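The following exercises concern a structure with its sequence. Please work through each task before reading its solution.

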Amino acid sequence: MKDPLQQDHLQDRLVALFDQVYRLDERMITSKPGSAKPVSRFTWRSVAASTAATALVVCALPVLLTQFASGGASGRGPGDTATPTTASADAAELQLHDFYDKGATTATYGQGSLFLATNTADSCVVTRIPVAHRVVRARRVLPAAACVGMAYASGGALVLVAPPAAGAAPPKYQVIRLRSESLAVTATADLPPTVQQTISIGRSSVWLAAGNRVLSLDSSSLRRNGDVRIKGMTVTAVSPDAFGFWAVGDSSSGPLTNQVARIDAQGHLIFQRQLQGTVSAPTVVALPGNRALVGLQSSSRDARRVVINGTGDMAEIRADAARILLWNGNGGYAAGLNGLLEAIDNSGRTTATAITSGVINALTGVGRRAFVITPSRVAVTG
Amino acid sequence: MREDPVAELARSLRAPLLRYAFALTGDADRAADLVQTALERFVRLSRQDQLPARPLSYLKRVIAHEHISVWRKTRRESLVDPPDKATDSTTLRGIEDADLWRALSQLGRKQRAVLVLRYAEDWDDAQIATALGCSEATVRSQASRALLRLRKQLLASRADWES
C-alpha cells in the first residue's frame, strides 16, 4: 500500500483537499459561530457606485432589522445601580473588580501599562500604572488645559490631543507625544483650531477628526501625511484598520442624520451612507473582517448598534449601550449612559452586562480584559 | 433596472474568489479582506477602461500578491492576544482531511500560497513566480520546503495519534 505521506500521495491529498475547499458552501466560510444572522459581506452594486465617487450610496442593501429595545435604563443618574432591562436582561452578569481608587477623564492601554489622563481646572495630569503592579510609576502635569483624547502608539509613545488653553491667541489645538515610560514630552504639533473631539491610532498613524476633515499624522514625527475630506458629514469618531479607516458622524446640513464612511489607506472614499436614526455623535470601532461596529445613542432610551461591512451592508442590533465602543482583538465592550457596560461578541451582540457606580468616561484594555474608567475609580473586567 | 455589467461580473466572481482566498489564507476574515481589496482594484480599473482580458486570473494574481504583501507589512507585529480562531471549527466541518488542513496552517504564507497556486490552481512555476513577485527557483524551493514541512507535521500528528 502506498504510504500516505509519500511525496506523490501527499500531492494527491493536497489536490483533494483544495478541491473540497473549492466546493465549500460560501456560507461555511463567511458565517461565524454565535452569529445567528451573519451580515452578508459583499454587495457589489455599492462598491461599484462608490468607486465612482458617488457621495451617497443608495441601493437595495439587505438591512437586517431587529426591533431595538423600547425600554432601557431610563431615569437613572450617575451612581445608581439599577439592573438593566430589555435586551440584556437575560445576558450573564459581567464581573468587575476594583483596579485603582481614582478616576480619570480618558485612558488608554499599552505595553502592560494603563495610562490615565485627568483634566483638572487648569491642567491635565497623565498617570502611568503598570497593570501587573497596580502602582503609579509615572505622573506628568501637561501644559495643556485638557486632554480630549489619548492613544498609545507603536514604538513606546503616548499621543494626546489637547484643545487650546483659555485665552490663547491664536487658539491652537496641539498633538503632544510623550515617552510612555517616563511620560516626558518628546514632540508637539500645532493643529488647525477646528480640530476637535476625537483621536485614534492606526498602525503607524494618528487620526484626528476636524469637522468634515480627517487628518492623519505620522505617529513618530507628528508630521501630516494625509488629509481626507468627507463631504456632508461632521465626523465624530474614526477607527483605523489595516485597510484604511471608518468614520462616522452627523450630517453637516439639513435635518440631523447619522452617516458612516469607509476610506481606504490612500484616502479614497469607498462608500458613504446614511444610517437609520437621528442621534448625535455616533461612535465607531473597526472589527476584524472588514467590518465595523457603529454605536448610536442619544439617551439611555435610544441605543442601537449597527454592524456594517466593507461594502455598506448593515445589520442593526438591539442594544442598551452604545456611547463608547471598544474592540480588543478578540472581545468587545460597549458602554452606555448611567454606567451600563455590556460585553459584546464578534457580531456586536450582548453577552454579559454590568452597572458601574458612576458614568463611564472611557474604556480601554487588551484581549478580553477591559478597564472601565469612571470619574471616581477604575475597574477591570474579570 | 439593468445592473452595471462590471458589478454583475464582480458579483459572479465573488464566491470562487472567496474560496480561493480561503484556501490561500485558511482564515475567513483575511480571505474576505483580500477579495474585497482585489475587487475594488478591479472596479477602479473598469472605470478607467482598463479591464483585464481574463478577470478571474487577474483577480487571483492580485489576491496572491496582496496576501504576500500583507505578510510583509505585518510580520513585525506582535499580537498581544491570539485572534479568535472559532472559525476554524466551523469550516473544518466541511473538510474531510482535517489533519492536512491543520498542517497547512503551520506553513508560512508564501509556502502555503505556492502550494495553493500549484495544486489548486494548477499554475506552472513561471505563473506562480509572476503572481508572487519572486523567481521560479524560489517557487520551487518554497514548494519543496512546504511539502517537507507538511510531511513532518503529519508524521508528528500520526505519532501522537498512535501513542
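**Exercise 1. State what share of the residues in chain A is buried, and describe the chain's elements and contacts.**

Step 1. Of the 382 residues in chain A, 57% are buried, where buried means under 20% relative accessible area, exposed over 50% and partly exposed in between (1.4 Å probe, protein chains only). This is a predicted model, in which local features need pLDDT of at least 70 and side-chain atom pairs count only at pLDDT 80 or more, while totals for chains, interfaces and linings use all residues. Residues are numbered from 1 along each chain as its sequence is written, chains are lettered from A and ligands numbered from 1 in the order in which they are written, and side-chain values use heavy atoms, without hydrogens and water.

Step 2. Chain A has three helices and 29 strands; helices (H or I, at least four residues) and strands (E, at least two) are DSSP runs, numbered from the N terminus.

Step 3. Of the contacts (heavy atoms within 4.5 Å) in chain A between residues at least 6 apart in sequence, 45% join residues at least 24 apart.

**Exercise 2. Locate A:His133 and classify its accessibility.**

Step 1. The loop between strands E5 (124–130) and E6 (138–142) of chain A holds A:His133.

Step 2. A:His133 counts as partly exposed because its relative accessibility is 47%.

Step 3. A:Ser113 lies 20 residues away along the chain, with a C-alpha separation of 9.4 Å from A:His133.

**Exercise 3. Determine how H1(B) and H6(B) pack.**

Step 1. Helix H1 (residues 5–25) and helix H6 (residues 109–120) of chain B have axes 8 Å apart, at an angle of about 135°. Axes are lines fitted to C-alpha atoms, for helices over the stretch in contact, and angles run from 0 to 180 degrees between N-to-C directions.

Step 2. H1(B) is therefore oblique to H6(B); angles under 35 degrees count as roughly parallel, over 145 as roughly antiparallel, 65 to 115 as roughly perpendicular and the rest as oblique.

Step 3. From H1(B), B:Tyr20, B:Phe22, B:Ala23, B:Leu24 and B:Thr25 meet B:Arg112, B:Ala113, B:Val116 and B:Leu117 of H6(B).

**Exercise 4. Which parts of chain B have the lowest and highest confidence?**

Step 1. Chain B averages a pLDDT of 77, pLDDT being the predictor's confidence in each residue, from 0 to 100.

Step 2. Confidence in chain B is lowest in helix H4 (residues 86–92), with a mean of 45, and highest in H6(B), at 92.
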